[in-house]
Amino acid sequence: MHYHIILTEYCNSQCKYCYEKSMKEFDNGLDKKFKFDFSEKEKFDLDLLKDLRNFIQKDKNPVIIFYGGEPLLEIKTIEKIIDSFNNTKVKFRMQTNGKLLNETPIKYLKKIDKILVSLDGTKERTNYNRGKGTYELVMKNIEKIKEQGYKGEIIARMTISQEFPDIYEQVLSLIKSGFSSIHWQIDAGFYKFDFNKEKFKNFTKNYNNSIKKLIDFWIREMKKGNVLKIYPFLGIIESILKNQKTKLRCGAGYEGYAITQSGKIIACPIMTCIKDFEAGSIKSSSPNTLKKFEIKGKCLNCSYLDLCGGRCLYWNYSNLWPDEGDEMICETIKFLIDNLKNKENEIKSLIKNKTIKLKDFNYEKYFGPEIIP
Ligand code: SF4
Ligand code: SF4
C-alpha cells in the first residue's frame, strides 16, 4: 500500500489556494460534523522509526510518500527514514514545492523515484499563485538535480484555481518546459466560503472547452507515438481500454493512508486532525487491519461512479459546497469522462496499428496523482 508520511506541518510557501484560503476560512461548520484532535506534533517524531519499520515491513508492497507541510524542510528525517529501510523492498515517492530540491543530497533523491513538484503552468501563473520567483527557483532546482543524475519521474502537480480555467494553455506551457508527466486538481469544494455560482459556472464552461482542446492535443501526440503522462487522462483511459471499474482513484482509506507525526494512521493526508478518519496506528495496527473507508451519498447512485470513483473522500464526506456547486464540479468530471470515451475507438486503432501500445497507459496508482480533478 501507499503511505504518505507527514514530516512536518510547516511550509516555506504561502500559496493563494492553500495558506491564504485557510487563513480566510474561520468557520466551515465541520466541527459539527466531525470530531477533531489538534494535539498532533509539529514534526515527525524520529523515536517512532522502529515502530514505522515494524509496521511498514508487514506490508507486501510498501510505498512511502514524503509529504508535509513541505517535506524538504525535514531533509535529515527523510535521510534517516530512507537509511532505516536500506536493503528492503520499500519504495519512496515525494510531493514537494521543489524550493529545497537543490539542498537535498542527490544520493537520497535518487532513492525517491517519483517526485510530484507543485507548479501551476507558466512562470506568470505559478508566481501569481505561489509567490514571486517560485517558478524560476523550482525550474533551476529541477535542472540541477537532473544534471546531478536524477533520472526518476518528475510530475508537475498543478492546482487549477477558479479564476483561471485555461488548462490547455497551462499544460502546454509545462510540456514546452520539458515535463511529460502532469497532474492537476481543481481547487473547488475544499473550502466553504469560496463558492460563487456565477463565477464557477463561467469557470466550468471555459475549463471544459479547454479540456476538449487538451484531449485533442493528447491524441495528436499519440499519433506521433507519444503517450504523454497527463494523469487525469491516463487513469480514465486505462480503465476504459481495459474495461475496468474503479474505486476512489486516489486510494484514500483503502489502498493509501497517511501516517501522522505521532504515528497515527489516517485515511488521507489532508484529514490528519479529524478523528473520524483515523484508521489505526503504526504502534498497534498492521496494514491488513486498518479501518477502510468508502465513498457515500450521491456518488453511489451516479452512473459515472465506475469510471470516476467518487473524486475525493474528504470532499465526499465534508460537503462544504452546496449541492448545486458539487453538481457543477461533477459536470466537469462527466465532461472529461465523456470526451475521453469519445476517443476510445481512435486510441484502440492506434494500438492496433502499433503506433502506441496498450502498456503505454499503465501507471502506478495511489502515489499522488488523484486522477479525478
Ligand atoms: S461524477 Fe460526481 S457524483 Fe458521480 S461518481 Fe463522480 S464525484 Fe460522484
Ligand atoms: S483526493 Fe481527497 S481523499 Fe484523495 S488524497 Fe486527495 S484530498 Fe485525500
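**Exercise 1. Place strand 1 among its neighbours, starting from H2.**

Let's begin with a single contact: H2 stands opposite G256 in strand 8. Strands here are DSSP runs of E with at least two residues, helices are runs of H or I with at least four residues, and both are numbered from the N terminus. This is a predicted model, in which local features need pLDDT of at least 70, side-chain atom pairs count only at pLDDT 80 or more, and totals for chains, interfaces and linings use all residues. Residues are numbered from 1 along each chain as its sequence is written, while chains are lettered from A and ligands numbered from 1 in the order in which they are written.

Step 1. Strand 1 and strand 8 (residues 256-259) run parallel and are joined by 4 bridges; two strands count as paired if DSSP finds at least two bridges between them.

Step 2. Now look at strand 2 (residues 63-67), which is parallel to strand 1 and joined to it by 5 bridges. Here Y3 stands opposite I64.

Step 3. Check burial, where buried takes 20 or more other C-beta atoms within 10 Å of a residue's own, exposed 12 or fewer, and partly exposed lies in between, with C-beta atoms placed from the backbone. Strand 1 (residues 2-6) has 5 of its 5 residues buried, so it is largely enclosed by the rest of the structure. H2, H4 and I6 cover one side, Y3 and I5 the other.

**Exercise 2. Find the edges of the sheet.**

Step 1. Write down the strand order: 7-6-5-4-3-2-1-8-9-10, an open sheet of 10 strands with mixed pairing.

Step 2. Read off the ends. Strand 7 (229-230) and strand 10 (278-281) each have a single partner strand, so one side of each lacks a neighbour in the sheet.

Step 3. Try one inner pair: strand 4 (residues 112-118) and strand 5 (residues 153-160) are parallel over 5 bridges, with V117 opposite A156.

**Exercise 3. Describe the shells around the two ligands.**

Step 1. A residue belongs to a shell if its C-beta atom, placed from the backbone, lies within 6 Å of the ligand. Around ligand 1 these include K298, C299, C302, C308 and C330. Helix 11 (305-308) and helix 13 (323-341) each give two or more residues, and helix 13 gives the most, with 3.

Step 2. Around ligand 2 you will find C250, A252, C268, I270, C312, L313, Y314 and E370.

Step 3. Sort by class: Ala, Val, Leu, Ile, Met, Phe, Trp, Tyr, Cys and Pro are nonpolar, Asp, Glu, Lys and Arg charged, and the others, Gly among them, polar. Ligand 1 has 7 nonpolar, 1 polar and 3 charged residues in its shell; ligand 2 has 7 nonpolar, no polar and 1 charged.
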